[in-house]
Amino acid sequence: MFNIIQYLYPTSRMLKPRVVVVLCLFLGLCLMTPSFMGCGGDKTSETNGTDSTQASSEAEADTTGDSESLQKKEKEITVDAGEVRRAEMVIPIYADGVIRTPRFVEIRTKVGGELIKMLVQDGDRVRAGQLIGKIDQREYSINLDESRYSRFKALSSIAAESDTFTVNKQALQEFIRAREELDNQFNNKQISQEEYRVRRFELEVEALQKGAFRQEVFEQRTGLAEARLAEERATLNLENTEIRAPFDGVVQGLSVVLGEIVSAGTPICTIYNNDRLEAVANVLEADLGNLVEGRPALLVIPATGDTLQTRIAVISPNLDEASRTCEVIIRFDNIGGRLRPGMFVRAQIAGWIHPDKLMVPKEAILLRDNRPLVFKVMEDRAQWLYVDTGLENDSWVEILKVHSGGSLAPGDRVVVSDHLTLAHEARIKIRKTRPPKDRWDFAIGMTEQPSK
């Protein structure tokens with residue numbers, strides 16, 4: 001302190017001791033005063049005030065930022081929607097099977113001989129009546145001429161003896177009436193078969209004695225009857241030397257060559273007609289109780305990717321004891337000829353048809369706390385509705401009851417995509433609305449089958 005006094009007052013040595021003491025006290029007080037320091041209290045106070053103002057401003061900025069952040073967080077979620085509908089619900093039965101053709105035939109020769117023409121090969125398409133092959137006709141032409149000469153010979157004998165017999169027409173008419181009456185008695189089970197044969201023989205003998213069959217007897221005696229039969233047989237054999245297609249189809253499995261000597265019954269080829277096919281599906285015994293002919297069915301052909309809308313044509317009366325399945329036949333047109341016998345099929349048959357059901361698309365159903373719910377579209381918001389569900393198939397779920405104060409009606413829209421994390425009253429944007437199309441729509445009204 002004394003050094004400071006000397007620095008401030010170099011002439012302090014000349015001062016009196018009392019004055020020095022006063023100056024020391026004064027300097028001590030000054031040193032204790034904050035304003036005397038280079039970074040005094042006033043500056044600190046100003047700094048604290050500035051910090052307080054900044055903190056207040058930052059707090060207000062944080063509040064404003066939170067509000068803007070909340071608005072940014074509520075973004076629109078893009079979803080797809082589906083429509084609620086009221087219609088019949090089909091519960092299908094599933095069965096596997098195979099395609100076959102009901103129209104195919106193995107062509108065989110009806111007469112023997114040398115094969116002198118073969119006009120088709122495997123894969124050729126033929127029309128009904130088209131000539132496929134031909135057997136040498138010469139021997140069969142000779143047989144026909146021979147039978148004709150025999151008939152002419154018999155006719156000559158009849159012409160020479162025409163005045164030796166006359167037909168009793170009255171006896172013939174009486175025989176016809178008596179035979180008709182006898183036939184009626186037998187058909188009505190008034191007489192036995194043995195009694196019918198005896199009485200029929202008696203009628204014929206009596207009519208013959210009266211002259212009712214003199215012409216037939218005369219033809220038999222002259223050989224005319226045998227000659228006629230021989231001529232008809234020779235004509236038929238001559239026609240059978242030409243091998244023709246019985247119906248439209250495709251040739252497969254040609255097994256003979258030109259010039260081959262064939263006998264009657266030799267296989268030539270097989271003709272398939274695939275214009276109309278049928279699928280044979282094996283339905284489990286447990287699914288047969290409600291099944292009837294005429295029920296709608298869907299046929300899925302994995303090989304071509306086709307799905308055909310058909311119906312049951314035949315339900316077999318027999319059950320396979322080993323597999324416990326029953327054959328069900330489903331017939332369909334082979335449009336475009338893309339399907340072939342032997343292809344594997346999956347049949348979906350309308351086992352039960354339940355009328356007047358309120359339904360939502362199956363994709364609309366979610367589980368929250370093990371309770372089913374749907375999100376109903378309410379303008380730009382998604383409203384969740386807890387529901388009770390009933391029947392369902394691959395596409396639809398029946399709605400029995402709606403909870404939580406909401407409602408569902410035909411024509412309402414429900415969210416069917418991007419809704420696993422969707423919240424109640426969330427903002428949504430509809431990407432597209434899927435039409436309420438059901439693959440069983442073709443079956444509506446096809447059959448009146450009560451619910452079970």
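**View 1. Glu231 and its salt bridge to Arg148 in the predicted model.** Glu231 has a relative accessible area of 14% and is therefore buried, the limit being under 20%. Its partner Arg148 counts as partly exposed, at 35% relative accessibility. The closest N and O atoms of the two residues are 3.5 Å apart. Glu231 belongs to helix α8 (residues 224-239) and Arg148 to helix α4 (residues 138-160), so the contact ties together parts that are 83 residues apart in sequence. A search of the whole structure finds 25 salt bridges.

**View 2. A salt bridge within helix α6.** Arg197 pairs with Glu194, with 2.4 Å between the closest N and O atoms. Both residues lie in helix α6 (residues 193-209), 3 residues apart, or about one turn of the helix. Arg197 is partly exposed at 46% relative accessibility, and Glu194 is partly exposed with a relative accessible area of 46%.

**View 3. The salt bridge between Arg276 and Asp333.** The N to O distance is 2.7 Å. Arg276 in strand β11 (residues 276-284) and Asp333 in strand β14 (residues 325-333) are 57 residues apart, and the pair links these distant parts of the chain. Arg276 is partly exposed at 40%; Asp333 is partly exposed at 46%. Elsewhere, Asp80, Asp418, Arg431 and Arg434 are joined into one network by salt bridges that share partners.

**View 4. An open sheet of 4 strands.** The strand order is β7-β6-β4-β9, with antiparallel pairing. Strands β7 (242-244) and β9 (261-262) are the edges, each pairing on one side only. Strand β4 (residues 113-118) pairs with β9 over 2 bridges, and Glu114 stands opposite Ile261 in β9.

Methods
Residues are numbered from 1 along each chain as its sequence is written. This is a predicted model: local features need pLDDT of at least 70, side-chain atom pairs count only at pLDDT 80 or more; totals for chains, interfaces and linings use all residues. Side-chain values use heavy atoms; hydrogens and water are left out. Two strands pair if DSSP finds at least two bridges between them. A salt bridge is a side-chain nitrogen of Lys or Arg within 4 Å of a carboxyl oxygen of Asp or Glu. Buried means under 20% relative accessible area, exposed over 50%, partly exposed in between (1.4 Å probe, protein chains only).
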